[in-house]
Amino acid sequence: MVAFKIYCDRHRKKWYMVRIFPTKKEMFSWNKKDGYNNPKGRDKYLGVTRAYSVYYFDKGKKTKGRKSGEVGCISFLIDHCTSGIVSHECTHAALYWFLDTYKKIEKLLMPEYDEKFAWVQGNLTRQVWVHWFKLEKQGKIAQK
């Protein structure tokens, strides 16, 4: 597994930890230990975004050992990490950031907030790929 941070805002006050796993077994095991309650009861996901303030975490584990700016985590499976999956998970991440920051989903209907959301979503996606290509160049990750 490799891990890195991606930041939600320009001031780097809020971030997600991204983890890229070599196998499904490792990803499912790590997420389960970290408090992920697989809502459908079966491990079929190829990526997952979890936000500490929204759901998937037990109340006691939600903040234990977390830094104050850490909003959540995103898990990817190396051999199934496509542009669609990265964009999908980063959209979840941007939405959870938005809810954590602005508290009301209705604000997304206002142009100034819609633009903030879209910027964060695109920026999170860009950061994943920048880190991905650096790690690939360093030989730390390789797809089959």
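Let's start at Gln121, which sits in helix α4, spanning residues 111-137; helices here are DSSP runs of H or I with at least four residues, strands are runs of E with at least two, and both are numbered from the N terminus. This is a predicted model, in which local features need pLDDT of at least 70 and side-chain atom pairs count only at pLDDT 80 or more, while totals for chains, interfaces and linings use all residues. Residues are numbered from 1 along each chain as its sequence is written, and side-chain values use heavy atoms, with hydrogens and water left out.

Is Gln121 buried or exposed? Its relative accessibility is 16%, so Gln121 counts as buried. The term buried stands for under 20% relative accessible area, exposed for over 50%, and partly exposed for what lies in between, using a 1.4 Å probe and protein chains only. Leaving aside residues up to four places away in sequence, Gln121 touches Ser87, Cys90, Thr91 and Ala94, where contact means heavy atoms within 4.5 Å.

Now widen the view to the rest of α4. This helix has 27 residues and reaches 39 Å from its first C-alpha to its last, close to the 39 Å expected at 1.5 Å a residue; the expected span is 1.5 Å times one less than the number of residues. Gln121 has company in being buried: the buried residues of α4 also include Tyr113, Phe117, Val120, Trp129 and Trp132. What do the buried residues of α4 pack against? Their partners are β1, β2, β4 and α3. Just after α4, Gly139 takes a positive phi of about 80 degrees.

With one helix in hand, you can place it in the whole fold. The protein has four helices and four strands, and along the sequence they follow the pattern β-β-α-β-α-β-α-α. Of its 144 residues, 43% are buried. Among contacts with a separation of 6 or more, 56% are between residues 24 or more positions apart. The accessible surface comes to about 8,600 Å², and carbon and sulfur atoms account for 54% of that area; these areas come from the Shrake-Rupley method with a 1.4 Å probe, and for residues only the protein chains shown count as cover.

Helix α1 is a good next stop. Met27, Phe28 and Asn31 are its buried residues. Viewed down the axis of α1, these buried residues fall within an arc of 95 degrees, so they line one face of the helix; the arc is that of the directions from the helix axis to the C-beta atoms. Packed against this buried set are β2, β3 and β4, the last covering residues 70-77. On the face of α1 turned away from the buried side you will find the exposed residues Lys25 and Lys33. Just after α1, Gly35 has a positive phi of about 105 degrees.

Next come the charged pairs. Side chains of opposite charge can pair when their charged atoms come close. How many salt bridges does a search of the whole structure find? The search finds two, a salt bridge being a side-chain nitrogen of Lys or Arg within 4 Å of a carboxyl oxygen of Asp or Glu. In one, Asp34 and Arg50 meet through their side chains at 2.9 Å, N to O. This pair links distant parts of the chain: Asp34 is in the loop between α1 (24-33) and β3 (47-51), and Arg50 is in strand β3, 16 residues apart. Asp34 and Arg50 are both buried.

In the other, Asp100 pairs with Lys14, and their closest N and O atoms are 3.2 Å apart. Here too distant parts of the chain are linked: Asp100 belongs to helix α3 (residues 83-102), Lys14 to the loop between β1 (2-7) and β2 (15-21), and 86 residues separate them. Lys14 has a relative accessible area of 23% and is therefore partly exposed.

Leu99 is also in helix α3 and, at 27% relative accessibility, counts as partly exposed. The C-alpha atoms of Leu99 and Ser53 are 8.8 Å apart, with the two positions 46 residues apart along the chain.

Two loop residues round off the tour. Arg12, in the loop between β1 and β2, has a phi near 60 degrees, a positive value in a residue other than glycine. Its relative accessible area of 53% makes Arg12 exposed. Lys103, in the loop between α3 and α4, has a positive phi of about 70 degrees although it is not a glycine. Lys103 counts as exposed, at 60% relative accessibility.
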